[in-house]
Amino acid sequence: MSDANLFAQQEQNRRRSVWLVVGFIVFFAWVGFGGDIGFYLLTANAARGSYRHTVPFIGLFTTIFAAGIAWYAWRRGPERVLWSTGAVEVLEPETDQQAQLVNVVDEMAIASGLPRPRIWIVPDVDPNAFATGRGPESGNIAVTQGTLDTLSRDELQAVVAHEMAHIRNYDVRLMTLLAAIVGAVALMSNGMGRMLGNGIGGRSGGGGGRKGNDRGGGAGALGIVIVVLWLLTLLVAPLVTRVLAMAVSRKREFLADATGAQFTRNPGALASALAKLAAASAPTTAIKQGAAHLCIVDPAATAVNERHGRVADLLASHPPIADRINRLNGMAFGA
């Protein structure tokens with residue numbers, strides 16, 4: 001891999017991180033100010049002395065909320081991801097497995113020319129690993145206990161090298177922001193769903209006849225339009241953010257595989273490690289689906305990840321492991 005390609009990839013990740021934050025804030029602004037416009041139209045012809053929605057406080061609130069979430073994701077996102085998995089930092093190795101992990105991370109930090117990342121162990125028996133952080137200066141590598149129990153030293157080294165590649169390429173910045181944004185959009189979607197459900201259920205019965213007549217059919221039609229638009233937002237937004245996160249992950253896994261093989265000079269070890277990770281039957285329960293795109297393999301181990309075609313391209317968080325293994329074995333044979 002040439003330095004020019006590496007720097008181009010890093011710069012692309014930086015730009016995409018910026019545009020991701022901008023798009024996230026614009027989306028929340030649309031949700032809020034769209035509601036303000038709807039309420040303004042509903043109350044524009046209200047009788048004198050009645051409430052008229054003129055101050056766009058909904059849009060202001062959602063925009064400030066989105067900016068706050070983006071700032072929090074930037075500052076605290078890596079720590080929140082690690083906290084959500086129950087990861088424990090390795091400060092001083094307490095077992096031979098932990099000592100081996102620390103030694104491997106030190107080796108790969110030297111091979112990659114990066115600062116040594118913080119090391120974490122996730123208490124989960126399923127083998128998996130992920131990296132998070134804002135870049136090389138604040139990198140974190142986490143492996144599950146199952147990874148330490150399952151992989152040989154060479155295979156563990158290959159997995160760590162793969163995660164170091166994500167750190168060096170600034171993938172961790174983009175993918176950690178995505179994890180926070182996926183969670184925030186899901187939270188907003190659930191909140192709006194409850195709000196609309198309570199509103200529809202709580203107002204289904206009775207109501208002053210004169211006020212309903214004053215508002216007329218036009219206001220009712222506008223209200224239906226607003227509800228339909230918000231429901232579309234509820235349905236589409238979580239799906240769009242999940243698909244975006246999955247697409248980002250899929251495109252970067254092949255590059256991280258190749259870069260990790262470059263660090264270890266042993267692509268066959270990563271191919272062997274991926275085969276063992278894929279053979280594990282249990283899901284990685286400690287890592288939730290919102291952070292699936294951070295992992296070296298899908299923690300849910302869904303069958304769609306091993307399929308090809310447009311449906312798999314939209315729904316899979318990772319490229320098929322068989323394809324990744326074939327590419328790595330091709331590197332090994334060509335070495």
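Are arginine 324 and aspartate 257, two residues of this predicted model, buried or exposed? Both arginine 324 and aspartate 257 are buried, and their side chains meet in a salt bridge with N and O 2.8 Å apart. Arginine 324 belongs to helix H10 (residues 321-334) and aspartate 257 to helix H7 (residues 209-264), so this pair ties together parts of the chain that lie 67 residues apart in sequence. The pair does not stand alone, for salt bridges that share partners join Glu253, Asp257 and Arg324 into one network.

## Salt bridges

Side chains of opposite charge can pair when their charged atoms come close. A search of the whole structure finds six salt bridges, and the table sets out three pairs, among them the one just described.

| Pair | N to O distance | Location of the partners |
|---|---|---|
| Arginine 118 and glutamate 89 | 2.9 Å | strand S2 (residues 118-122) and strand S1 (residues 88-89) |
| Arginine 153 and glutamate 107 | 2.8 Å | helix H5 (residues 153-168) and helix H3 (residues 96-112) |
| Arginine 324 and aspartate 257 | 2.8 Å | helix H10 (residues 321-334) and helix H7 (residues 209-264) |

The salt bridge between arginine 118 and glutamate 89 links distant parts of the chain, with the two positions 29 residues apart in numbering. Arginine 118 counts as partly exposed at 39% relative accessibility, and glutamate 89 is likewise partly exposed, with a relative accessible area of 25%. Both values fall in the range that runs from 20% to 50%, which is why neither residue is called buried or exposed.

The side chains of arginine 153 and glutamate 107 also meet in a salt bridge, and since arginine 153 lies in helix H5 while glutamate 107 lies in helix H3, the pair ties together parts that are 46 residues apart in sequence. Arginine 153 is partly exposed at 30% relative accessibility, and glutamate 107 is partly exposed with a relative accessible area of 28%.

What else does arginine 153 touch, when residues up to four places away in sequence are not counted? Arginine 153 is in contact with Gln100, Asn103 and Val104, as well as with its salt-bridge partner Glu107. A further relation in space concerns alanine 269, whose C-alpha atom is 9.3 Å from that of arginine 153, although the two residues are 116 residues apart in sequence.

## The sheet

Four strands form an open sheet in the order S1-S2-S4-S3, and the pairing within this sheet is mixed. Strands S1 and S3 are the edge strands, each of which pairs on one side only.

How many bridges join S1 to S2? Two bridges join these strands, which run antiparallel. Glutamate 89, already met as the salt-bridge partner of arginine 118, has tryptophan 120 in S2 as its bridge partner, while valine 88 is partnered in S2 by isoleucine 121. Strand S2 is mostly covered, since four of its five residues are buried.

On the way along the sheet, S2 is joined to S4 by five bridges, and these two strands run parallel. Tryptophan 120, the residue that pairs with glutamate 89, stands opposite alanine 142 in S4.

Strand S4 (residues 140-144) is in turn joined to S3 by four bridges, and here the strands run antiparallel. Threonine 132 stands opposite asparagine 140 in S4. In a regular strand the side chains alternate between the two faces of the sheet. In strand S3 (residues 129-132), Ala129 and Ala131 point one way, Phe130 and Thr132 point the other way, and all of these residues are buried.

Helix H3, which holds glutamate 107, packs on the sheet and touches S2 and S4, and the direction of H3 makes about 140 degrees with that of S2.

## A nonpolar patch on the surface

A separate feature is found at the surface, where Val18, Trp19, Val22 and Val26 make a nonpolar patch of about 420 Å². Tryptophan 19, one of these residues, lies in helix H1 (residues 3-43). Is tryptophan 19 buried or exposed? Its relative accessible area is 63%, so tryptophan 19 is exposed, the cut-off for that word being over 50%.

Technical notes: Residues are numbered from 1 along each chain as its sequence is written. This is a predicted model: local features need pLDDT of at least 70, side-chain atom pairs count only at pLDDT 80 or more; totals for chains, interfaces and linings use all residues. Side-chain values use heavy atoms; hydrogens and water are left out. Buried means under 20% relative accessible area, exposed over 50%, partly exposed in between (1.4 Å probe, protein chains only). Two strands pair if DSSP finds at least two bridges between them. Patches are made of residues with over 30% relative accessible area and no salt bridge: like charges are joined within 9 Å, nonpolar side chains (Val, Leu, Ile, Met, Phe, Trp, Tyr) within 5 Å. Accessible areas come from the Shrake-Rupley method with a 1.4 Å probe; for residues, only the protein chains shown count as cover. A salt bridge is a side-chain nitrogen of Lys or Arg within 4 Å of a carboxyl oxygen of Asp or Glu. Contact means heavy atoms within 4.5 Å. Axes are lines fitted to C-alpha atoms, for helices over the stretch in contact, and angles run from 0 to 180 degrees between N-to-C directions.
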